[in-house]
Amino acid sequence: MQEAVQQLTESVAQITGSYQKAQRKLKSKQQELEQIEPRALVAKQRGNEPAARLAMGKPHGKTPSGPGKPHPRRGNFLWSRPI
């Protein structure tokens, strides 16, 4: 019984650690996006769509589509919103 409780305690600690790590990573990505989105919006408003796409694509780093390219699901969200 004690061994089962010990294993459960270890499993819970591991899951909690993984969850906290994921939360930190999410918060970091959200802060990164908050810093970059205004620059991309300004570039788009000035008619410089390539610069806006570059601004949105750079911070994502390696994505399934390759390094330095916009994320396929996040890369175009800025263009679908009215200004």
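What is the accessible surface of the chain, and what percentage of that surface belongs to carbon and sulfur atoms?

**View 1. Surface and burial of the chain in the predicted model.** The accessible surface of the chain comes to about 6,800 Å² (Shrake-Rupley method, 1.4 Å probe), and 55% of that surface belongs to carbon and sulfur atoms. Of the 83 residues, 18% count as buried (under 20% relative accessible area, 1.4 Å probe, protein chains only). This is a predicted model in which local features need pLDDT of at least 70 and side-chain atom pairs count only at pLDDT 80 or more, whereas totals for chains, interfaces and linings use all residues. Residues are numbered from 1 along each chain as its sequence is written, and side-chain values use heavy atoms, with hydrogens and water left out.

**View 2. Order of helices and strands.** The chain has two helices and two strands (DSSP runs: H or I, at least four residues, for helices; E, at least two, for strands; numbered from the N terminus). Along the sequence, the pattern reads α-α-β-β.

**View 3. Packing of α1 and α2.** Helix α1 (residues 2–45) packs with helix α2 (residues 49–57) at an angle of about 175 degrees, the axes (lines fitted to C-alpha atoms over the stretch in contact; angles from 0 to 180 degrees between N-to-C directions) lying 7 Å apart. The two helices are therefore roughly antiparallel (over 145 degrees). Contact (heavy atoms within 4.5 Å) involves Leu33, Ile36, Glu37, Ala40, Ala43 and Lys44 of α1, together with Glu49, Ala51, Ala52, Ala55 and Met56 of α2.

**View 4. Buried residues of α2.** Ala52, Ala55, Met56 and Gly57 of α2 are buried. The buried residues of α2 pack against α1.

Notes
Angles under 35 degrees count as roughly parallel, over 145 as roughly antiparallel, 65 to 115 as roughly perpendicular and the rest as oblique. Buried means under 20% relative accessible area, exposed over 50%, partly exposed in between (1.4 Å probe, protein chains only).
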